[in-house]
Amino acid sequence: MTDPTTPRPSEEPTDQPARGPYPSAQDSPAVAAVPTPEENVPQADAALGATAAPRRSHVRTWAVGGVALVVALAAGVVIGAAAGDDTDPAARANSSTSPAPSSAVPTTAAPMTVAPTTTAPTTSAAPSPTKTTPPPKPKPPSYKTLSERQWKLVAKNPDAHIGKTYVVFGRVTQFDAATGVDTFRANVAHRRMADQYDYETNTLLTGLAADLDNLVEDDIFRANVTVLSAFSYDTQIGGETTVPLLQVDSIKVL
């Protein structure tokens, strides 16, 4: 029969507390359910008897450490529950179910390019041309009839009467190839003379060939003329003579 005082190999005292499952928050809702060290000591003594006295100190140490651990865990659970209870259930539900806020990147709207519209030009009525009054036609020059003295003054100094318009009478003295078709020589007077030899002033007249086409030597004429200048030319006998040069504006054979 084995001595009860002899410790069994499986019950050798150890400095480390026996490892067991730590109580969870659900298993220990309150600290009062955990047995105190004083309650564990009689049970250990009853199980081990008088021979387990040397292990009481170790058991007590284990019990104190376990109680402290359980108390700490329970306190943490209670504090956590209390902190959790302060939160609004609706807020907890919203926080648990609401998706994480997404970082919305602001989008920049692309600029709209509006094509320019071309407005069709309005067709307005064309302005009616204003009737312009044509400038009045210049009055035909007035041709002055001369006295004998007045004509002698013109024949003496033609350059002093340039641009003046007169009525003269005369007889053609030369109108041939030497003079050309638009120029001729004539003896001129201030009026129509009774005799062809009474026309005394040697004169050179020029005009349009069409106006002079029907004029020949020895013709008696009446002409409206404009004084151009004095004109000098060589004579057939080798001399030089200066005569009035008249422009024929119109001529009539008498």
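These are my notebook entries on a predicted model.

**Entry 1. Confidence**

I began with the confidence of the prediction. The protein chain has a mean pLDDT of 73, and 50% of its residues reach 70 or more. I then looked up two stretches by residue number. Residues 9-42 have pLDDT below 50, and this stretch makes 24 contacts in the model beyond near neighbours in sequence. For residues 44-54 the pLDDT is again below 50, with seven contacts counted on the same basis.

**Entry 2. Strand pairing**

I next looked up how strand 5 is paired. Strand 2 and strand 5 run antiparallel and are joined by seven bridges. Within this pairing I noted Gly 170, whose bridge partner in strand 5 is Phe 221. Strand 5 also pairs with strand 6 (residues 240-253), in the antiparallel sense, over 13 bridges. Here I noted Thr 226, which has Gln 247 as its bridge partner in strand 6. The hairpin of strand 5 and strand 6 has five residues between the strands, and Gly 238 in that hairpin takes a positive phi near 95 degrees.

**Entry 3. Asn 224**

Is Asn 224 of strand 5 buried or exposed? I found a relative accessible area of 15%, which is under the 20% limit, so Asn 224 counts as buried. With neighbours within four places in sequence left aside, I listed its contacts as Tyr 143, Tyr 166, Val 167, Gln 247, Val 248, Asp 249 and Ser 250.

**Entry 4. Arg 171**

I placed Arg 171 in strand 2 (residues 165-174). Its relative accessible area is 11%, so I entered Arg 171 as buried. Which backbone oxygen lies 3.4 Å from a polar atom of the Arg 171 side chain? I found that it belongs to Gln 196. Apart from neighbours within four places in sequence, Arg 171 is in contact with Arg 185, Ala 186, Asn 187, Gln 196, Tyr 199, Asp 218, Asp 219, Ile 220 and Phe 221.

**Entry 5. Asp 218**

Asp 218, one of the contacts of Arg 171, is in the loop between helix 5 (209-212) and strand 5 (220-234). I recorded its phi as near 75 degrees, a positive value in a residue other than glycine. I noted beside this that most residues other than glycine have a negative phi. The relative accessibility of Asp 218 is 44%, so I entered Asp 218 as partly exposed.

**Entry 6. Aromatic pairs**

How many aromatic pairs does the structure hold? I counted three aromatic pairs. In the pair of Phe 184 and Phe 221, the ring centres are 5.9 Å apart and the planes stand at 90 degrees, so I classed the pair as edge-to-face. Phe 184 is in strand 3 (residues 183-189) and Phe 221 in strand 5, so this pair ties together parts that are 37 residues apart in sequence. I found both Phe 184 and Phe 221 to be buried. The aromatic pair of Phe 231 and Tyr 233 is stacked, at 6.5 Å centre to centre with 25 degrees between the planes. Phe 231 has a relative accessibility of 33%, so I listed Phe 231 as partly exposed. I also noted that ring pairs link Phe 175, Phe 184 and Phe 221 into a cluster.

**Entry 7. Cross-reference**

I marked Phe 221 for its place in several entries: Phe 221 is the bridge partner of Gly 170, a contact of Arg 171 and a member of the aromatic cluster with Phe 175 and Phe 184.

Conventions. Residues numbered from 1 in each chain as written. Predicted model: local features only at pLDDT ≥ 70, side-chain atom pairs only at ≥ 80, totals over all residues. Heavy atoms only, no water. Helix = DSSP H or I, 4+ residues; strand = E, 2+ residues; numbered from the N terminus. Buried < 20%, exposed > 50% of the residue type's maximum accessible area, 1.4 Å probe, protein only. Polar contact = N/O pair within 3.5 Å; in protein donor to acceptor, adjacent residues only side chain to side chain. Contact = heavy atoms within 4.5 Å. Phe/Tyr/Trp six-rings, centres within 6.5 Å; stacked < 30°, edge-to-face > 60°. pLDDT = per-residue confidence, 0-100. Pairing = 2+ DSSP bridges.
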